[in-house]
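The following exercises ask you to read helix packing, burial and backbone geometry from one structure. Try each task before going on to its solution.

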Amino acid sequence: MSSDLLVQRARALKLHGLIYHWDELSELDWVERLIHWEEQERSQRSLERRLASARIGRFKPIADFDWDWPKSCDRGAIENWMQLSFMKNATNLILCGPNGVGKSMIACNIAYQSIIRGYTALFTTAASMLNELASLDSDSALRRRIKHYTQPQLLVIDEVGYLSYSNRHADLLFEIITRRYEEHSTLITTNKPFTEWRDIFPNAACVVSIIDRLVHHSEIVNIEADSFRLKEATEKNRRLKEERTKSKTKRQEKLKENQT
């Protein structure tokens with residue numbers, strides 16, 4: 001690699017001492033290795049910091065999603081979301097569907113993919129975010145936490161619609177969405193269509209404005225399916241029942257053998 005390119009990489013890493021003594025270097029092979037090691041280490045630490053800050057938690061990989069289970073689900077749209085092209089234009093994503101159909105799983109995978117690709121992301125539930133903001137007493141503390149939710153390049157707000165909230169909560173959500181509007185992407189998972197969002201924020205005047213800013217630049221996918229969790233629990237119970245039946249049959253057969 002040429003000396004000029006190595007200098008550019010050293011400047012990007014802010015290795016000022018190395019750059020200052022650049023003319024004294026007679027051997028560049030070890031310098032290139034040193035710069036490469038530093039780049040790798042910083043990249044790994046950056047990834048670890050962003051993963052920790054995102055608070056995604058444990059989740060199933062998208063490869064485990066059973067695409068044959070939903071009655072209706074735009075697989076092509078979701079796979080396109082995983083490519084993250086929506087983030088270039090600060091497009092919002094809305095995942096709608098009943099409980100237990102994989103909305104959170106898909107959202108976690110998209111957030112994780114964004115971090116792997118070098119973006120910043122934050123995963124939170126609507127209840128956690130809004131209750132935290134509403135509990136803050138001082139204006140300065142509220143401004144800091146609002147900034148915490150508006151800064152990430154991707155904000156995932158999970159489980160909108162599972163609880164109802166006060167006008168104060170609605171105003172705080174409006175503030176978050178407005179500050180992110182046309183600046184950063186927001187991913188919402190909800191079990192209610194927008195026509196029922198007034199049930200989430202009863203009597204809140206800003207509900208229409210929240211929806212308007214969310215859907216202005218957005219892509220929406222509706223998932224129609226029975227609960228995956230119920231399906232998995234049913235299958236697990238079936239397997240356990242079969243295992244108990246087999247075990248009982250074996251014990252009975254062994255008992256007969258002993259009697260004979």
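**Exercise 1. The buried side of α6**

Task: Establish what the buried residues of α6 pack against, and which residues they are.

Solution: In this predicted model, the buried residues of α6 pack against β2, α7, β3 and α8. The residues concerned are Ala126, Ala127, Met129, Leu130 and Leu133, each of which falls under the cut-off of 20% relative accessible area that defines a buried residue.

**Exercise 2. How α6 crosses α8**

Task: Determine how the axes of helix α6 and helix α8 are placed, and which residues meet between them.

Solution: Begin with the two quantities that matter here, since two packed helices are described by the angle between their axes and the distance between the axes. For α6 (residues 126–135) and α8 (residues 167–180), the axes come within 9 Å and cross at roughly 105 degrees. Angles of 65 to 115 degrees count as roughly perpendicular, and therefore α6 is described as roughly perpendicular to α8.

Next, list the partners: α6 contributes Met129, Leu130, Asn131, Leu133 and Ala134, which meet Arg168, His169, Leu172, Leu173 and Ile176 of α8. Sorted by class, the contact of α6 with α8 comprises seven nonpolar, two polar and one charged residues. Met129, Leu130 and Leu133, which take part in this contact, are also among the buried residues of α6.

**Exercise 3. How α7 crosses α8**

Task: Work out the orientation of α7 relative to α8, the hand of the crossing and the composition of the contact.

Solution: The axes of helix α7 (residues 139–150) and α8 come within 9 Å, and they cross at roughly 50 degrees. An angle that is neither under 35 degrees, nor over 145, nor in the range 65 to 115 counts as oblique, and so α7 and α8 are oblique to each other. As for the hand, α7 passes α8 in a right-handed crossing.

The contact involves Leu142, Ile146, Tyr149 and Thr150 on the α7 side, and Arg168, Leu172, Glu175, Ile176, Arg179 and Arg180 on the α8 side. Its residues divide into five nonpolar, one polar and four charged.

One residue of this contact can be followed further. Thr150, which lies in helix α7, has a relative accessibility of 11% and therefore counts as buried. When neighbours within four places in sequence are left aside, Thr150 is in contact with Ile176, Arg179, Arg180 and His184.

**Exercise 4. The two faces of α1**

Task: Which residues of α1 are buried, which exposed residues lie on the face turned away from them, and what covers the buried ones?

Solution: The buried residues in α1 are Leu6, Val7, Arg9 and Ala10. Because they cover an arc of only 165 degrees around the axis, they lie on the same side of α1. Turned away from that buried side is a face that carries the exposed residues Asp4, Arg11 and Ala12. The cover over the buried residues of α1 includes α2 and α3 (29–54).

**Exercise 5. Positive phi outside glycine**

Task: For Lys14 and Glu159, find the value of phi, the place in the fold and whether the residue is buried, partly exposed or exposed.

Solution: Lys14 has a positive phi of about 60 degrees, although it is not a glycine. Lys14 comes just after α1, in the loop between α1 (3–12) and α2 (16–20). Its relative accessible area is 60%, and therefore Lys14 is exposed.

Glu159, likewise not a glycine, has a positive phi of about 65 degrees. Glu159 belongs to strand β3 (residues 154–160), and at 36% relative accessibility it counts as partly exposed.

**Exercise 6. Sequence separation and distance in space**

Task: Place Ser85 and Arg117 in their loops, and set separation along the chain beside separation in space for the pairs Ser85 and Pro61, and Arg117 and Leu47.

Solution: Ser85 lies in the loop between α4 (75–81) and β1 (92–96), and with 33% relative accessibility it counts as partly exposed. From Ser85 to Pro61 there are 24 residues in sequence and 20 Å in space, C-alpha to C-alpha.

Arg117 sits in the loop between α5 (103–116) and β2 (121–125), and it too is partly exposed, with a relative accessible area of 43%. Arg117 and Leu47 are 70 residues apart in sequence, whereas their C-alpha atoms are 9.2 Å apart in space. Leaving aside neighbours within four places in sequence, the contacts of Arg117 are Met82, Gln83 and Leu84.

Methods
Residues are numbered from 1 along each chain as its sequence is written. This is a predicted model: local features need pLDDT of at least 70, side-chain atom pairs count only at pLDDT 80 or more; totals for chains, interfaces and linings use all residues. Side-chain values use heavy atoms; hydrogens and water are left out. Helices (H or I, at least four residues) and strands (E, at least two) are DSSP runs, numbered from the N terminus. Buried means under 20% relative accessible area, exposed over 50%, partly exposed in between (1.4 Å probe, protein chains only). The arc is that of the directions from the helix axis to the C-beta atoms. Contact means heavy atoms within 4.5 Å. Axes are lines fitted to C-alpha atoms, for helices over the stretch in contact, and angles run from 0 to 180 degrees between N-to-C directions. Ala, Val, Leu, Ile, Met, Phe, Trp, Tyr, Cys and Pro count as nonpolar, Asp, Glu, Lys and Arg as charged, and the others, Gly among them, as polar. A crossing is left-handed if the near helix is turned anticlockwise from the far one by less than a right angle, and right-handed if clockwise.
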